[in-house]
Amino acid sequence: MTSILSGDETVLRYSATGPPELSEVAADAGVTVAAVGPSGAPAIEPLVSVTQGGQTTFHTRCSADELRELTAGLDDGLPTDLADAVVDHDPSATSLPVPDLAGLDAGTRRVTGGWGWRRPTDPDDHEAAGGFVTATAEETERAGESLRGRGWGDWCQDEPLADTWETARHTDGEATVVVNAHGTTADALLLASSPFDVLEGACATARTVDADRVVVYVSEADEDAAASVREAADAYPDLPVAADVVTGPSVYRAAEPTMAIEAVEGNHRLEARLRPPGPAEVGIDGRPTVVHTARTLAQLAHTLRQDGPTTRLVTVTGDVADPVTVELTEGDSLASAVDATTVEGSLKAACVGGRFGGLTASLDVTADPASLIDAGLGTEGVVEVLSESRCVVEFVGRRAQFAADENCGRCVPCREGTTQLAELLRDLYDGRYDRDGIEELDRVMRTSSICTFGVDAGRPARTAMAAFESEFEAHADGRCPAGACTAEVTP
Ligand code: SF4
């Protein structure tokens, strides 16, 4: 099959994750049909588009009946009268011509350029878009000196990749590259919509560390992502290393890099490993192993392929009309990501950086990791919006209880600390606010827990006390300013 990204024929694209009837109607349209991956904006899917030359119509939440209606008139030209958006573009566009549709028109589209536009597992589309460039080990090494890991599932989270590569390269034994796509929306979307980018980054890393095996690790809840990357690995031209796809339990902690290794090895009880040594020295089956998230590896592939701004994927969730995943340059503010959707009510706070992110009242902070860390926030690439009706004390209490329930139990500071933290936050409802005690407990967890789970578990409470102290004092006085805490909902 040749690429759909060139040529003059009419191309009908539809979301591959839509209902089966959609593909049946599309197949009868009498034009070139392409099943594409998720766009990053689930609220407008199934998304259908029709392209003729340099113009594309977009049709959101398209039902089989609507598709039947628009395909019936294709002989008369593009169905612009039925479209939610129409875009003029380069006839051989390799990236989504961005329509004026909520969720798609925010940020930039570089790593996400093929989402909703290219067939995820078709090598011709990837090739036409400039993919499968084979970078030398030296070129990759240079890129890894400045590129930082993305996500808490990356062993190089917020750190340059090259140091870890060097350790793996100089450790005896054949190395392994783990693609950790477990647990975050953006990583699963990358596998579902642009798996070749992720595999390309993994292959470049494998060349650099002399690895003979790539393992893609996915939550068992992300079936579409696992199926897509399996198909892409089979279709990858001259795949330089063996590639396996392994699924693991969907619990949050399973994304931690050493627990990911435990899961890949088939261990049922997931516990973080003591470090040092880190995985680069002793990883899967004792072999040197580098663990990167799908986000890191897709970014690496794009960096090797072309110059351009370093970007971050940010998923906006919480009290918003529709969750969305957008791509920001590191100079863009997080507020611009939230602009991609609609806050339900008015924004009171946001938890920035995932389950154990930082609470803030202001999203006027740029997406680069240094700025996020300076602001006390997390770099996980998730902004969870809390509207005026939400109580931050209740929110952080539930996060502390989640940490107490979900930690792996391996180390005392996290196992006991998260339980004590939940109790100290519950004490607020009995009139006791021990700010010093909470801060001291957080400090101990942060400085002596084995893995990132325990290091970060106190961050929601710590940052909420700094930004919303009056709410903590009010609860100790028997009041919930948001009116959200009742006997039934106290943490
Ligand atoms: S920090 Fe928590 S999750 Fe990590 S090893 Fe310790 S108990 Fe387990």
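# Worked exercises on a predicted chain

The chain holds 18 helices and 14 strands (DSSP runs numbered from the N terminus, helices being H or I with at least four residues and strands E with at least two). The model is predicted, so to speak of a local feature we need pLDDT of at least 70, and side-chain atom pairs count only at pLDDT 80 or more, while totals for chains, interfaces and linings use all residues. Residues are numbered from 1 along each chain as its sequence is written, and side-chain values use heavy atoms, with hydrogens and water left out.

**Exercise 1.** Work out how compact the chain is for its 491 residues.

Solution. Start with the radius of gyration, which is taken over C-alpha atoms; the globule rule to hold it against is 2.2 Å times the number of residues to the power 0.38. The chain comes out at 23 Å, close to the 23 Å from the rule, so it is as compact as a globular protein of that length. Next, the extents: the C-alpha trace spans about 75 × 60 × 40 Å along its principal axes. Then burial: 56% of the 491 residues count as buried (under 20% relative accessible area with a 1.4 Å probe, protein chains only; exposed is over 50%, partly exposed in between).

**Exercise 2.** Find the strand order of the five-stranded open sheet, and say which strands stand at its edges.

Solution. Count two strands as paired if DSSP finds at least two bridges between them. That gives the order S2-S1-S3-S4-S5, with mixed pairing. S2 (32-36) and S5 (85-88) each have a single partner strand, so one side of each has no neighbour in the sheet. On average, neighbouring strands here are turned by 20° against each other, direction ignored (axes are lines fitted to C-alpha atoms, for helices over the stretch in contact, with angles from 0 to 180 degrees between N-to-C directions). For one pair in detail, take S3 (residues 48-52) and S4 (residues 55-59): they're antiparallel over five bridges, and Val-50 has Thr-57 in S4 as its bridge partner.

**Exercise 3.** Describe the surroundings of strand S14 (residues 382-387).

Solution. First, burial: six of the six residues in S14 are buried. Val-382, Glu-384 and Leu-386 sit on one side, with Val-383, Val-385 and Ser-387 on the other, so to say both faces are covered. Now the partners. S10 (residues 311-318) runs parallel to S14 and is joined to it by four bridges, whereas S12 (residues 347-352) runs antiparallel, with five bridges. Glu-384 is the bridge partner of Thr-317, and Cys-351 stands opposite Glu-384 too.

**Exercise 4.** Sort the residues of helix H4 (residues 137-146) into buried and exposed, and find what the buried ones pack against.

Solution. Thr-140, Glu-141, Ala-143 and Gly-144 are buried. They cover an arc of only 165° around the axis, which puts them on the same side of H4 (the arc is that of the directions from the helix axis to the C-beta atoms). Turned away from that side, the other face carries the exposed Glu-138, Arg-142 and Ser-146. The buried residues pack against H5 (162-169), H7 (195-209) and H10 (294-305) (contact means heavy atoms within 4.5 Å).

**Exercise 5.** Which residues touch the most other members of the largest nonpolar core?

Solution. In this core of 52 residues, they are Leu-359, Leu-425, Phe-453 and Phe-472 (a nonpolar core is a set of buried Ala, Val, Leu, Ile, Met, Phe, Trp, Tyr and Cys residues joined through side-chain atoms within 4.5 Å). H13 gives the largest share, seven residues.
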